[in-house]
Amino acid sequence: MADRVLVIGSGGREHALAWKLAQSPHVKHVFVAPGNAGTADNGKISNSAVLVSNHTIVTQFCKDHNIGLVLVGQEALLAAGIVDDLRAAGVRCFGPSAKAAQLASNTTFARAFLDRHGIPTARWKAFTNPQEACSTDFPARVVRARGPAARKEVTIAASKEEACRAVQEIMQDRMFGEMVVVEELLQGEELSCLCFTDGVTVASMPPAQAHKRLLDGDQGPNTGGMGAYCPVPQV
């Protein structure tokens, strides 16, 4: 029997998930909440206005519409524990628990995890004081805001002065959070090697490379993602 599926999120990631899910004969219909222009009334795909920030309302929506599976793409909701809450209510949901989502949503948690398990990563320090954050002696710096809502607030600074401006902007002007992480800048190719897992089996996707910087020649401000390409000729 074909299932109704709910994809939660509003970006290109959710659009791609809905597009691929709709091709499956096992899927009757794909709801996307809140969705975007590309997922609005597109064959087996339609948007839903269900309030995704309220997990109780999402749970009731799933029961009212006989949703057989939920896929959560929105990182802030994963960090807020929507997968835990849906599973506890008996709704099948694909996505990491709130604890596991910290690896993507909490910069200091992720860096400490890497250090604790001996996984190579850039030198880093976390700060709650802007003046102390400006005193790091890394030759080039990556300044990150901490927390799920600010995960993509990343500045690649070529100088100490530029790093200090980013720290002030994050911690004082925009109020992205009370903590900032300053990292050593690593030069070279960056690849994403993503896998699906049920906790036992791991199915890997081909490596992909995202366009991070705004301008050609790896110049301009860092972005949350300007698209990606696959396969990658470097590997």
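## Strand E7 and its neighbours

Strand E7, residues 141–145, is mostly covered, with 4 of its 5 residues buried. Buried means under 20% relative accessible area, exposed means over 50%, and partly exposed lies in between (1.4 Å probe, protein chains only). Strands (E, at least two residues) and helices (H or I, at least four) are DSSP runs, numbered from the N terminus. The model is predicted: local features need pLDDT of at least 70, side-chain atom pairs count only at pLDDT 80 or more, and totals for chains, interfaces and linings use all residues. Residues are numbered from 1 along each chain as its sequence is written, and side-chain values use heavy atoms, with hydrogens and water left out.

E7 pairs with strand E8 (residues 154–157) in the antiparallel sense over 4 bridges. Two strands are said to pair if DSSP finds at least two bridges between them. In this pairing, Val 142 stands opposite Ile 156 of E8. E7 also pairs with strand E9 (residues 180–184), again antiparallel, over 5 bridges. There the bridge partner of Arg 144 is Val 181 in E9.

## Strand E4 and its neighbours

Strand E4 covers residues 67–72, and 5 of its 6 residues are buried. E4 and strand E1 (residues 3–9) are parallel and joined by 5 bridges. One residue pair in this pairing is Ile 8 with Val 72, the latter in E4.

E4 also runs parallel to strand E5 (residues 93–94), and 2 bridges join them. Leu 71 has Phe 94 of E5 as its bridge partner.

## The second largest pocket

The second largest pocket has a volume of about 260 Å³. The search uses a 1 Å grid over the protein atoms alone: a pocket is an open set of points with protein on both sides within 12 Å along at least five of seven lines, whereas a cavity is a set where a 1.4 Å probe fits but cannot get out. Grid points are joined across faces, edges and corners, and the volume is the space filled by probe spheres set on the points.

Which residues lie nearest the centre of this pocket? They are Val 5, Leu 21, Leu 69, Leu 71 and Phe 94, out of 13 lining residues, where lining means having an atom within 4 Å of a point. The elements that each give two or more residues to the lining are E1, helix H1 (12–21) and E4. By class, the lining has 8 nonpolar, 2 polar and 3 charged residues. Ala, Val, Leu, Ile, Met, Phe, Trp, Tyr, Cys and Pro count as nonpolar, Asp, Glu, Lys and Arg as charged, and the others, Gly among them, as polar.

## Cysteines

A disulfide is a covalent bond between the sulfur atoms of two cysteines. Here a disulfide is counted when two cysteine sulfur atoms are within 2.5 Å, and a search of the whole structure finds 0. Why is Cys 193 not bonded to Cys 195? The sulfur of Cys 195 is the closest cysteine sulfur to that of Cys 193, but at 7.6 Å it is too far for a bond. Cys 195 is likewise in no disulfide.

Cys 193 counts as exposed because its relative accessibility is 58%. Cys 195, at 44%, counts as partly exposed.

## Thr 59 and the annotated domain

Thr 59 is in helix H2 (residues 55–64). Thr 59 is buried, with a relative accessible area of 10%. Thr 59 and Asp 85 are 26 residues apart in sequence, and their C-alpha atoms are 8.3 Å apart in space.

An unreviewed UniProt entry annotates residues 4–103 as "domain: Phosphoribosylglycinamide synthetase N-terminal". UniProt positions follow the numbering used here, feature names are shortened, and annotations may be inferred rather than shown by experiment. This span is 38% helix and 25% strand, and its end C-alpha atoms lie 30 Å apart.
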